[in-house]
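Morning, everyone. Please have the sequence and the model open while I talk.

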Amino acid sequence: MDFMGYRRADKTVGTRNYVGVLSAVVCVNEVVDGIVSQVQGTARFTHHQGCCQTPLDIGIVNRTLIGLGRNPNLHSVIIVSLGCESTNIAEVVEKIQASGKRVEHIVVQEIGGAARTTAQGILLAQEMVREASLQQREAFPISELVMGLKCGSSDTTSGLVSNPSIGVASDLLVAAGGISVLGEVTEFIGAEHILARHAANEEVAKGILNLVDRMEKRAVAVGEDIRGGQPTGGNIKGGLTTIEEKSLGAIAKAGTAPIQAVYEYGVRPTVKGLVVMDSPGREPEILTGLAAAGCNVILFSTGRGAPQGFPFVPVIKITGSQTAAIKMIDHIDMNLSEVIDGGDTVPEAGERILEEAVRVATGAMTKAEISGYVNSMDIYMLGPVI
């Protein structure tokens, strides 16, 4: 099975061909928005980080921006900075350039304000989009897909239908030589021992358990526990009354393939197969982490109908709920409710998901891309604003 994509200089393959306009710090988000709103073929990434944070978190910002800039769905990149942020701009630019991409850096305090910087960014973006438009799609095997796995606004149908169907699609991709990235450590809790049994070796199993232990300790450190935040109010309305119930459904996205490695947030896998990435469950942060890890397509299971996509990685929304498929038709790409009705099976649904992923990778637009519901993103932080 092949898809039509874009070969990059570092040998990765993109499913989209945008010029990325990335904010180095929250203070320049308006400039980024101004550039992207005026130039078709660009994709923004804005966030709320980059200043007045602990060194640990600034390091995560640096790593994430590098990963986002190196994502194969970006042809080239414009970094917008203020000039006094904590983000290490020189490192970010250098490491994105090392992937072979053109990178331009514009600084508001040097150019002389937001208006002048926006104008200069628009002219640069126009030139770079023209360059990107000259590249044509080529045929690649699905082993070049790096597929993120996510669930959100979950209900009972998520664990019964859409999550295990995604697990089948993941297994099929892994068998073909591709990569699947499983996140949402919060939604391992109570089922982490089951997920650890999927580990390819003892080191990976310990890594999975360590991620959960770290997540629980962060909650306890502020005098709280997971309950009250997970499961969410929407999960409870959808029939998931405990974090264990939610987790048992969530880990079904992993399928049955061995887990080959465990990575920190936003780190690109260096092995093929199924891997785990540290991340929370909330959409803005996990979708960013998956994109920074190099995912070129994302599968997103939803029971009640989560609308978020990502600016430059297509996010396929999949539900097992007929109610969500009807009420949230503007946001749902695949309706698997026939599995519950008995007209379909989970293995058949999983095959259809992979086929849809190939279509989207080749250029078919997702509902989130069509509606433009892709911009509310952020970077996962571990400490406070200081």
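I'll go through some helices, a few buried residues and some loop positions. One caution up front: this is a predicted model.

Let's start with helix α6. It covers residues 156-175. That is 20 residues, and the first and last C-alpha atoms are 28 Å apart. At 1.5 Å a residue, 28 Å is also what you would expect. Still, α6 has a kink. Where does the kink in α6 lie? At serine 162, shortly before proline 164, with an angle of about 30 degrees. Just past the helix comes glycine 177, which has a positive phi, near 100 degrees.

Now stay at the kink. Serine 162 is part of α6. Is serine 162 buried or exposed? Its relative accessible area is 0%, so it counts as buried. What does serine 162 touch, once residues up to four places away in sequence are set aside? The list is Thr157, Ser301, Thr302, Ile318, Thr319, Gly320 and Leu336.

Pick Thr302 from that list and look back from the other side. Threonine 302 belongs to strand β12, residues 297-302. Threonine 302 is buried too, because its relative accessible area is 0%. Skip its neighbours within four places in sequence, and its contacts include Ser158 and Ser162. Gly152 and Ser153 are also among them. So are Ile318, Thr319, Gly320 and Ile332.

Next residue along. Asparagine 163 also sits in α6. With a relative accessible area of 1%, asparagine 163 is buried. Beyond four places in sequence, asparagine 163 contacts Cys151, Ser158 and Ser301, among others. The list also includes Gly249, Ala250, Ala252 and Lys253. For a distance, take glutamate 184. Asparagine 163 and glutamate 184 are 21 residues apart in sequence, and their C-alpha atoms are 13 Å apart.

Follow the contact to Ala250. Alanine 250 lies in helix α10, residues 243-250. Alanine 250 is at 2% relative accessibility, so it counts as buried. Which residues does alanine 250 contact, neighbours within four places in sequence aside? Cys151, Asn163 and Glu187. Alanine 250 and glutamate 187 are 63 residues apart along the chain. Their C-alpha atoms are separated by 6.2 Å.

On to helix α8. This one runs over residues 202-221, again with a count of 20 residues. Its end C-alpha atoms are 28 Å apart, which agrees with the 28 Å span expected at 1.5 Å a residue. Which residues of α8 are buried? Val204, Ala205, Gly207, Ile208, Leu211, Val212, Met215 and Ala219. A reminder on spacing: an α-helix has 3.6 residues a turn, so residues three or four places apart point the same way. What do the buried residues of α8 pack against? Helix α7 (192-196), and strands β10 (259-263) and β11 (273-277).

Now a helix pair. Helix α2 is residues 55-70, and helix α11 is residues 283-292. Their axes come within 7 Å and cross at roughly 60 degrees. α2 and α11 are therefore oblique to each other. From α2, the contact involves Thr64, Gly67 and Leu68. From α11, it involves Thr288, Ala291 and Ala292. By type, the contact splits into three nonpolar, three polar and no charged residues.

Last, the loops. Two positions have backbone angles to note. Lysine 11 is not a glycine, yet its phi is positive, about 80 degrees. Lysine 11 lies in the loop between β1 (2-7) and β2 (13-14). Its relative accessibility is 61%, so lysine 11 counts as exposed.

Cysteine 52 has a positive phi as well, near 55 degrees, and it is not a glycine. Cysteine 52 lies in the loop between β4 (42-45) and α2. At 41% relative accessibility, cysteine 52 counts as partly exposed.

One more loop, far along the sequence. Glycine 363 lies between α14 (346-362) and α15 (367-371). At 30% relative accessibility, glycine 363 is partly exposed. How many residues separate glycine 363 from threonine 15 in sequence? The answer is 348, and their C-alpha atoms are 6.9 Å apart in space. Apart from neighbours within four places in sequence, glycine 363 contacts Arg16 and Arg137.

That's the tour. Questions, please.

How values were computed:
Residues are numbered from 1 along each chain as its sequence is written. This is a predicted model: local features need pLDDT of at least 70, side-chain atom pairs count only at pLDDT 80 or more; totals for chains, interfaces and linings use all residues. Side-chain values use heavy atoms; hydrogens and water are left out. Axes are lines fitted to C-alpha atoms, for helices over the stretch in contact, and angles run from 0 to 180 degrees between N-to-C directions. Helices (H or I, at least four residues) and strands (E, at least two) are DSSP runs, numbered from the N terminus. Angles under 35 degrees count as roughly parallel, over 145 as roughly antiparallel, 65 to 115 as roughly perpendicular and the rest as oblique. Contact means heavy atoms within 4.5 Å. Ala, Val, Leu, Ile, Met, Phe, Trp, Tyr, Cys and Pro count as nonpolar, Asp, Glu, Lys and Arg as charged, and the others, Gly among them, as polar. Buried means under 20% relative accessible area, exposed over 50%, partly exposed in between (1.4 Å probe, protein chains only). The expected span of a helix is 1.5 Å times one less than its number of residues. The bend at a residue is the angle between axes fitted to the seven residues ending there and the seven starting there.
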